[in-house]
Amino acid sequence: MSQVVSLRRHSPVQRGARPGQAKPVRAIYERNCSVGRTVAILSDSWAFLVLRECYFAATRFEIFKSALGIPRATLTQRLRMLTAQGLLRRVQYSERPKRFEYRLTAVGLDLYPVFMALLAFGDKWLKKTAKPPIYLVHNLCGEVCRPMVACSQCKEEVNVKTVIYRDGPGAGVTPVVDAKRNRRPSDPTVLDRGRPSSVAQTLKVIGDRWTFMVIRDAFFGIRRFDDLQNKLGIAPNILIDRLDRLVAEGIFKRRKYQDLPERYEYPLTEKGKDLYGALIAMLRWGDDWFAHGEVPLILNHTDCGKDFNPAVVCDHCRKPLKAKDMSYRLNYRPRRDSRPLKLGRPIAFEES
Ligand SMILES: [Zn+2]
Ligand SMILES: [Zn+2]
């Protein structure tokens with residue numbers, strides 16, 4: 001995670017060039033960042049839902065389909081995408097007829113702590129009912145736990161004020177090639193399918209890639225409209241739209257810092273600052289699996305003075321949270337066809 005550097009390269013446009021000839025080329029370079037990839041995967045609503053059902057032990061096409069009410073072609077495409085990204089693997093389970101199921105790989109399983117960090121944020125800030133949709137029970141200590149993003153060295157909770165960063169060996173810039181990924185998901189209400197979920201609520205806030213990049217830059221102190229626009233190479237109308245949404249969501253405040261001409265800046269609120277844990281949990285996942293040992297960014301915990309990896313841990317025993325060690329107490333009645341069989345088994349559910 002780091003600030004985004006956009007180098008507006010204005011190719012030499014000769015004075016008097018005729019229209020249609022030698023149009024200026026603008027390439028946007030984004031600083032290498034392991035979070036971008038995670039958000040690209042997670043902010044696709046359907047891909048996210050498929051993964052979530054995987055953590056509830058779904059493996060088969062028909063199970064995903066009935067649990068999510070997802071169109072067949074969409075499900076096929078998302079399973080293919082998650083397999084290509086290395087989060088799922090396709091395993092044949094029947095010879096006649098030939099049938100396959102989808103199992104989480106180590107990469108996919110390791111995204112679980114990111115889900116937990118997003119869940120903790122959603123439970124704290126976006127809860128719609130008195131109780132969160134699920135209570136997490138950590139089987140290793142037997143306690144109902146709150147996921148906490150902690151320093152891997154001292155095991156204490158980290159936040160935006162206690163972490164500093166510097167460039168790692170993988171620092172650099174990569175051209176942004178795919179503009180489509182910056183679009184908002186076509187239908188964020190899709191995220192409400194299947195089960196009530198604090199993770200889905202959080203993803204609705206983080207939203208698309210532009211929204212995410214605006215939030216990420218905020219953590220590096222970029223808060224003025226003009227600076228954001230220059231850094232991100234984002235169209236002003238899109239930036240206005242994203243900032244308005246984030247102010248409405250209570251992630252940013254809007255503050256005038258200059259009268260003539262009128263200029264605004266967007267500092268993070270306390271709620272906004274609390275997204276930091278989830279962001280660095282994503283960073284850790286991206287670094288571990290896709291940075292090939294060359295991390296773009298090194299984090300240092302100022303409380304203990306050590307470089308660290310963000311770890312999502314149980315707030316009671318401080319051990320890292322893993323899908324296989326969790327049980328859930330559901331505050332909603334699950335659908336019969338989406339009952340999990342193993343991996344994170346619900347042990348009880350309560351009527352809300
Ligand atoms: Zn520490
Ligand atoms: Zn525990």
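Student: How much of the chain do buried residues make up?
Tutor: Buried residues make up 48% of the 352 residues in the chain. A residue counts as buried under 20% relative accessible area, as exposed over 50% and as partly exposed in between, with a 1.4 Å probe and protein chains only. The model is predicted: local features need pLDDT of at least 70, side-chain atom pairs count only at pLDDT 80 or more, totals for chains, interfaces and linings use all residues, and side-chain values use heavy atoms, with hydrogens and water left out. Residues are numbered from 1 along each chain as its sequence is written, while chains are lettered from A and ligands numbered from 1 in the order in which they are written.

Student: How many helices and strands does the chain have?
Tutor: There are twelve helices and 15 strands in the chain. Both are DSSP runs numbered from the N terminus: helices are H or I with at least four residues, and strands are E with at least two.

Student: And what share of the contacts comes from residues 24 or more positions apart?
Tutor: Such residues account for 67% of the contacts with a separation of 6 or more. Contact means heavy atoms within 4.5 Å.

Student: Let us turn to the metals. Which residues are the protein donors of the zinc ion (ligand 2)?
Tutor: They are His138 (ND1), Cys141 (SG), Cys314 (SG) and Cys317 (SG), at 2.0 to 2.3 Å from the ion. Donors are N, O and S atoms within 2.8 Å of the metal (3.2 Å for Na, K and Ca), and sites may look incomplete because water is not among the atoms.

Student: Why is the arrangement around the zinc ion (ligand 2) tetrahedral?
Tutor: It is tetrahedral because the four donor atoms subtend angles of 99 to 118 degrees. Four donors count as tetrahedral if all angles lie between 85 and 135 degrees; four count as square planar and six as octahedral if opposite donors are over 155 degrees apart and all others between 65 and 115, and anything else is irregular.

Student: What spacing do these donors of ligand 2 follow along the chain?
Tutor: The spacing is H-x2-C-x172-C-x2-C. Cys141 is in the loop between β4 (134–138) and β5 (143–145) and Cys314 is in strand β13 (residues 310–314), so the pair ties together parts that are 173 residues apart in sequence.

Student: Is Cys314 buried or exposed?
Tutor: Cys314 is buried, at 0% relative accessibility, whereas Cys141 is partly exposed at 28%.

Student: What coordinates the zinc ion (ligand 1)?
Tutor: Cys151 (SG), Cys154 (SG), His301 (ND1) and Cys304 (SG) coordinate the zinc ion (ligand 1) at 2.1 to 2.4 Å. This site is tetrahedral, with angles of 99 to 118 degrees among its four donor atoms. The spacing of the donors is C-x2-C-x146-H-x2-C. Cys151 in strand β6 (residues 147–151) and His301 in strand β11 (residues 297–301) link distant parts of the chain, 150 residues apart. Cys151 has 0% relative accessibility and counts as buried; His301, at 0%, is buried too.

Student: Where is Gly305 found?
Tutor: Gly305 is in the loop between β11 and β12 (306–308), and it is partly exposed at 48% relative accessibility. Its C-alpha atom is separated by 9.5 Å from that of Gln153, 152 residues apart along the chain.

Student: Now the helices. At what angle do the axes of α2 and α4 cross?
Tutor: The axes of helix α2 (residues 45–55) and helix α4 (residues 72–84) cross at roughly 75 degrees and come within 10 Å. Axes are lines fitted to C-alpha atoms, for helices over the stretch in contact, and angles run from 0 to 180 degrees between N-to-C directions. The crossing makes α2 roughly perpendicular to α4. Angles of 65 to 115 degrees count as roughly perpendicular, under 35 as roughly parallel, over 145 as roughly antiparallel and the rest as oblique.

Student: Which residues in α2 and α4 meet?
Tutor: Trp46, Ala47, Val50 and Leu51 in α2 meet Thr74, Leu75, Arg78, Leu79, Met81 and Leu82 in α4.

Student: Which two residues does a cis peptide bond join, with omega about -5 degrees?
Tutor: That bond joins Arg96 and Pro97, and Pro97 is in the loop between β2 (88–94) and β3 (99–104). A cis peptide bond also joins Leu260 and Pro261, with omega about -10 degrees.
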